[in-house]
Amino acid sequence: MMKRGYYQKVAFLGILLLILLAFQQYTSREKENFPDVQFVSEEASQILLAEFNPNDFDEKQWQSLGFSSKQISTILNYKKIVGGKFTSKEQLKKCYAISEEKFAEISSYILLPESKNKGKTFHSQYSERKSISVSGKFNPDHLSERQWEEIGFSEKQAQAILKYKAYLGGSFVSKEKFKDCFIITDENYQQLSPYLILPEKTPDNYKNSVSNKESKPLIKLHSFDPNTLNIDGWQSLGFSQNQARTIVNYRDKNLKGNFTNLDDIKKCFVISPEKFEELRPYIKINVSQNIERKAEITQQKTDFATIDLNLITFKQLLEFGLDEKSAGSIIGFRKKLGGFINKQQILDTYNIDINLVQKLTSTCKLESSIITKYTLVDAPEEWLKNHPYFKYSADKIIYYRISDPDDKKIWKLLKLKPEYEARMKLYMK
């Protein structure tokens with residue numbers, strides 16, 4: 001009886017192992033091995049977007065949208081799995097290699113219906129799109145948006161071509177560079193190439209002259225006494241009208257009419273360290289006059305009720321009673337911001353004697369009309385990257401405004417916390 005029970009147990013275990021093995025083999029067939037996925041990250045390089053059909057894109061064109069080789073491989077494999085053709089945006093969105101953020105960025109440019117059910121209406125809308133047609137040789141540098149549309153491109157594609165030309169510095173330079181425009185498909189290029197009045201290859205000494213910094217007018221520097229310059233005089237040195245007015249106010253109101261030394265000039269918050277170093281060799285202060293003036297100043301006490309918190313000096317803060325640490329923090333933060341918009345910003349400054357600074361803000365006035373403000377579209381890159389409120393979103397702003405130069409759309413794409421957006425908008429037009 002014991003042997004019989006033993007054999008029954010062995011037989012039962014054998015049957016159980018066979019069942020488990022069969023189940024494992026069955027379930028493994030259901031798995032589809034996808035390559036490793038790396039989600040799309042924002043790139044510092046500039047990507048110009050225009051309408052495109054993902055079914056027509058090859059590896060190079062997907063790469064021009066910012067996807068890595070692994071991501072492109074996954075997208076193309078996914079395309080095969082779904083039958084060799086994407087039928088809707090909804091279907092494309094399910095591809096593992098396209099993050100939600102990246103899909104939101106390119107969605108409006110995709111020439112596919114939102115869902116499969118809307119396919120018929122969509123295809124009828126785009127089936128009448130014109131083919132490329134050229135009547136003779138032409139220089140693409142000279143074509144307007146309308147002329148690109150007459151050749152056969154859509155309005156958005158024409159706009160993207162012109163943006164690409166601007167990105168190159170205002171000229172396509174060569175057929176080679178023209179071909180790199182990602183909305184120019186290989187088929188488009190083959191049709192247009194014989195008619196392009198451009199050199200075949202890019203010159204070896206070519207450098208992309210594009211720069212988001214505004215070109216500065218040539219300034220002829222000469223020796224000057226900062227105590228005799230008026231607003232026009234400061235403008236002739238390269239300052240804007242608002243900056244020049246601030247410098248003159250700072251000198252006349254805060255310093256009682258005279259810069260006594262180079263440090264006085266350096267501490268003016270609208271004069272950057274770089275600009276100060278540029279001007280330093282040309283600054284000639286009349287020392288004898290300033291010694292007399294300095295003696296007068298030391299005998300006078302500051303009337304803080306007349307002092308503007310955007311122009312108050314380090315010495316005046318010490319005179320009010322702040323220690324060097326608090327005074328330095330306020331002056332430093334003000335310079336980074338480009339000036340205070342409201343008094344709460346001063347109270348939010350780190351490393352300050354909060355009780356004494358509250359007394360300071362209730363005593364002094366604050367004039368914010370002198371602060372330079374921008375839109376997200378026209379704000380200089382350097383300003384965005386250095387401003388305390390904008391520097392963490394600077395790269396995104398620069399990236400988004402290339403294809404969507406519209407402040408409202410950029411704010412939506414940034415998806416900021418309300419409190420962050422509110423403080424940024426203090427410096428917006």
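## Close-up views of a predicted model

**View 1. Helix 21 passes helix 22 in a right-handed crossing.** Here the near helix is turned clockwise from the far one by less than a right angle. Lys396, Ile397, Tyr400 and Arg401 of helix 21 make the contact with Ile410, Leu413 and Leu414 of helix 22, where contact means heavy atoms within 4.5 Å. These residues divide into five nonpolar, no polar and two charged. In this grouping Ala, Val, Leu, Ile, Met, Phe, Trp, Tyr, Cys and Pro are nonpolar, Asp, Glu, Lys and Arg are charged, and the others, Gly among them, are polar. Helix 21 covers residues 394-403 and helix 22 residues 407-414; the two pack at about 130 degrees with their axes 10 Å apart. The axes are lines fitted to C-alpha atoms over the stretch in contact, and angles run from 0 to 180 degrees between N-to-C directions. Helix 21 and helix 22 are therefore oblique to each other, as angles under 35 degrees count as roughly parallel, over 145 as roughly antiparallel, 65 to 115 as roughly perpendicular and the rest as oblique.

A note on reading these views: this is a predicted model, in which local features need pLDDT of at least 70 and side-chain atom pairs count only at pLDDT 80 or more, while totals for chains, interfaces and linings use all residues. Residues are numbered from 1 along each chain as its sequence is written, and side-chain values use heavy atoms, with hydrogens and water left out.

**View 2. The whole protein chain sets the scene with 23 helices and zero strands.** Both are DSSP runs numbered from the N terminus: helices are H or I with at least four residues, strands E with at least two. Of the chain's 429 residues, 39% count as buried. Buried is under 20% relative accessible area, exposed over 50%, and partly exposed in between (1.4 Å probe, protein chains only). Among contacts with a separation of 6 or more, 61% join residues 24 or more positions apart.

**View 3. Lys102 sits in helix 5, residues 100-106.** You may like to check this lysine: its relative accessible area is 5%, so Lys102 is buried. A polar atom of its side chain lies 2.6 Å from the backbone oxygen of Leu65.

**View 4. Thr361 belongs to helix 19, residues 354-363.** Its relative accessibility is 6%, so Thr361 counts as buried. The Thr361 side chain has a polar atom 2.9 Å from the backbone oxygen of Gln358. Beyond neighbours within four places in sequence, Thr361 is in contact with Leu309, Lys343, Ile346 and Leu347.

**View 5. Ser369 is found in the loop between helix 19 and helix 20.** With 55% relative accessibility, Ser369 counts as exposed. The side chains of Ser369 and Glu367 are joined by a polar contact of 2.3 Å. Such a contact is a pair of N or O atoms within 3.5 Å; within protein, one must be able to donate a hydrogen and the other to accept it, and residues adjacent in sequence count only if both atoms are side-chain atoms. Gly339 is 30 residues from Ser369 in sequence, and their C-alpha atoms are 9.9 Å apart.

**View 6. Asn386 lies in helix 20, residues 381-386.** The Asn386 side chain reaches the backbone oxygen of Glu382 at 3.0 Å. Leu337 is 49 residues away along the chain, with 8.8 Å between the two C-alpha atoms.

**View 7. Arg423 is part of helix 23, residues 418-424.** At 33% relative accessibility, Arg423 is partly exposed. Not counting residues up to four places away in sequence, Arg423 touches Pro388 and Tyr389. Tyr389 is 34 residues from Arg423 in sequence and 7.1 Å away, C-alpha to C-alpha.
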